[in-house]
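Please look through the structure shown here with a guide to a few of its parts. The text moves from the whole chain to single helices and then to individual side chains.

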Amino acid sequence: MSVKQRRNVEELEPPSSELLYGLEDNPPWYLCVLLGTQHFFTMVSTTIPIPFVLASLVCLEPSDPARSYLVSTIIFVSGLITFLQSTIGVRLPIVQGGNFAYLIPTVALLSANFASCESQRAANLTAAQQQEEWQARMRAIQGNIAVSSVFQIILGFTGVIGVMLKWITPLTIIPTVSLVGLSLFDLAADRSSQHWSVSMSTTVLMVLLSQYMKDVSLSLPTGYRRGYGFIYSEVQVFKMFSIIVALLTSWLVCWVLTVTDTFPPGCPSRTDRSTLISNTPWFRIPYPGQWGMPTVTVAGVLGMMVAGLASIIESVGDYYATARICGTPAPPVHAINRGVGIEGVGVTVAGLWGSGSGTNSYSENLAAITVTRVGSRRVIQMSAMVMLVAGSVCKFGALCASIPEPIVASLYWIMFSLITSVGLSTLQFVDLNSSRNLFVLGFTLFFSLSVSKYVKANPESLKTGLPLLDQTLLVLLQTTIFLGCVLGCFLDNTIPGTKEERGLVSWRAQQGDSKSCPGYDLPYGMDAIRRRKWLRYLPFSPTFRGFHSAKYNVTVNTTTSTPVPVTTTTSTPVPVTTTTSTPVAETTT
């Protein structure tokens, strides 16, 4: 999550006393289902572009039911890891979903090892051969993602991530995250060019709803009381569902233009071009290895590892932001270690299941917590259940996959630009009056884009005489986030500069003070964990307080603080008002 986003959240976040339900509270089941479904749709609106991009990269035909399988798989996997993360991971109300960072090494991997889709279609392959071609691409993607997740698991469960963050500075994060969005502008332009008028009108509608109308409230029925009628509440619909409303509106317009034959036959925006929904079964549960035995290459694993590192950086920032919104102390070191490790397990699951992407935390869902004032962990767990059910209903995946591609291309403009700005927002921590910082940032961005573009256009230029080394360099040098991460980290940590100039002081101060909180403990077995002193040495154990303090006794309520001067004051009791009604504007009819 960007720092700018976090500041906007802080401005909107209610004080912990105004939360309807806190982290440990359990709302009624019907409220959990309603709010969990809301989180689900917020996640889906951000996740849909990933399987669309993957379908085109692996050369899937528009009417192939496998398109809906990709959508269903990524939703199903997101439900699994969301439940694990909120239950035994960092244990904050965080939704996990597909990660755009994995698209960069995926594009490099496929372009280096497989023929283009145009040449494949020109070969006039049979249906069985076409299926084998796209499944071979998926096996390569999922195998490299699954193996690369071991790196993330080790970083989390061994506590090494805390050591690495000392070297991962703002000037390393800025180019790494920004290049994810900057590297995909070709893809957005290519998909939008199929029908510019539809893509641009949908984009304009998204901007209008999400930016200019985000504070507009609509009076909607939110309940019913016998003898009184419906209960109406003011709901800021566009703040939470602007993307979904824009997509559905454009889809409806395209359907009308299709029925009236305003769109000519063969137009990419027609809604009757695909028989995907009718060809897709109602139910299908995704399973590991559904595309066959995964394949692995050294170059692919290294590229996916860099994508995983970028997702770790974003997720750690989301942990702190979520804790502030929910009115709970900042996550302690053991919770962060466990969260990163469980996220790595989620990437393993995503790879084995063949979703085509890794997973990371979704900052978009933090806005929903801010608006609803419900920061309950139980709501996110219910949202995970909704994802699992929706991921098993293939007709829902087919419905999402049947959206005309020019409409989905408008999502690329919004998502990729936001990813770029997420990286650039970290600039507020560094001194932009420093010529040193300007050089590191500018040279890293320009050099990474230039080298990647050259290698992609001239793959034959890499001839070392060692085929394995040639393939590894070909993939890595086309992966802009790899170049940006390595170059930015090297330059910022070797070129002389003060900590204030590099932004290290303010960057580390924004993380806040981590304190022990029962909310981050595991749901079961805490008494047994506290009794076993050796568990305090495990970085993911709730009794772990850091390597520097492992030699001390960390059992609860047994430490003695150093005496300090104390001024005795008499505090005024804070009046407490007990209310039973939901604090939203309501009228009854």
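The paragraphs below describe a predicted model, beginning with its overall make-up and going on to selected details.

The protein contains 25 helices and five strands, and of its 589 residues 52% are buried. When contacts with a separation of 6 or more are considered, 82% of them are accounted for by residues that stand 24 or more positions apart. Several of the pairs described further on are examples of parts brought together from separate places in the sequence, and each is introduced with the elements in which its members lie.

A helix offers a convenient place to start, and helix α15, which covers residues 333-353, allows a check of its length. With 21 residues and 1.5 Å for each, α15 should span 30 Å, and because its end C-alpha atoms are in fact 30 Å apart, the expectation and the model agree. This helix is mostly covered, since 17 of its 21 residues are buried, and after α15 comes Gly-354, which has a positive phi near 80°.

Helix α5, made up of residues 103-113, shows what buried residues may pack against. Leu-103, Ile-104, Pro-105, Thr-106, Ala-108, Leu-109 and Leu-110 are buried in this helix, and the elements against which the buried residues of α5 pack are α3, α7 (127-157), α9 (170-182), α14 (298-325), α21 (467-476) and α22 (480-494).

The next topic is the aromatic rings. Across the whole structure, a search finds eleven aromatic pairs. In one of them the rings of Phe-40 and Phe-396 have centres 5.7 Å apart and planes at 40°, and because an angle from 30 to 60 degrees is neither stacked nor edge-to-face, the pair is classed as tilted. Since Phe-40 belongs to helix α2 (residues 29-47) and Phe-396 to helix α18 (residues 394-401), this pair ties together parts that lie 356 residues apart in sequence. Phe-40 has a relative accessibility of 3% and therefore counts as buried, and ring pairs link Phe-40, Phe-41 and Phe-396 into a cluster.

Another aromatic pair is formed by Trp-196 and Trp-413, which is tilted, with 6.1 Å from centre to centre and 40° between the planes. Here Trp-196 lies in helix α11 (residues 196-212) and Trp-413 in helix α19 (residues 405-424), so that the pair ties together parts 217 residues apart in sequence. How buried or exposed are Trp-196 and Trp-413? Trp-196, at 40% relative accessibility, counts as partly exposed, and Trp-413, with a relative accessible area of 31%, is partly exposed as well.

Rings also have charged side chains over their faces. Arg-284 lies over the face of Tyr-69, at 4.1 Å from the ring centre, while Lys-395 lies over the face of Trp-282, where the distance from the ring centre is 5.6 Å.

The cysteines come next. How many disulfides does the count give? The count comes to one disulfide, formed by Cys-59 and Cys-117, whose sulfur atoms are 2.0 Å apart. The link of Cys-59 and Cys-117 is left-handed, with -85° about the S-S bond. Because Cys-59 lies in the loop between α3 (49-57) and α4 (66-87) and Cys-117 in helix α6 (residues 117-122), the pair ties together parts that are 58 residues apart in sequence. Cys-59 is buried, with a relative accessible area of 6%, and Cys-117 is buried too, at 11%. Cys-254, by contrast, is in no disulfide, and the nearest cysteine sulfur to it, that of Cys-267, is 7.9 Å away. Cys-254 is buried with a relative accessible area of 3%, and Cys-400, at 8% relative accessibility, likewise counts as buried.

A single residue, Ser-448, closes the tour. Ser-448 lies in helix α20 (residues 435-457) and, at 0% relative accessibility, counts as buried. A polar atom of the Ser-448 side chain lies 2.7 Å from the backbone oxygen of Thr-444, and the side chain of Ser-448 also reaches the backbone nitrogen of Gly-484 at 3.3 Å. Once its neighbours within four places in sequence are left aside, Ser-448 is in contact with Leu-179, Phe-443, Thr-480, Leu-483 and Gly-484.

Notes: Residues numbered from 1 in each chain as written. Predicted model: local features only at pLDDT ≥ 70, side-chain atom pairs only at ≥ 80, totals over all residues. Heavy atoms only, no water. Helix = DSSP H or I, 4+ residues; strand = E, 2+ residues; numbered from the N terminus. Expected span 1.5 Å × (residues − 1). Buried < 20%, exposed > 50% of the residue type's maximum accessible area, 1.4 Å probe, protein only. Phe/Tyr/Trp six-rings, centres within 6.5 Å; stacked < 30°, edge-to-face > 60°. Lys NZ or Arg CZ within 6 Å of the ring centre and 35° of its normal. Disulfide = S-S within 2.5 Å. Polar contact = N/O pair within 3.5 Å; in protein donor to acceptor, adjacent residues only side chain to side chain. Contact = heavy atoms within 4.5 Å.
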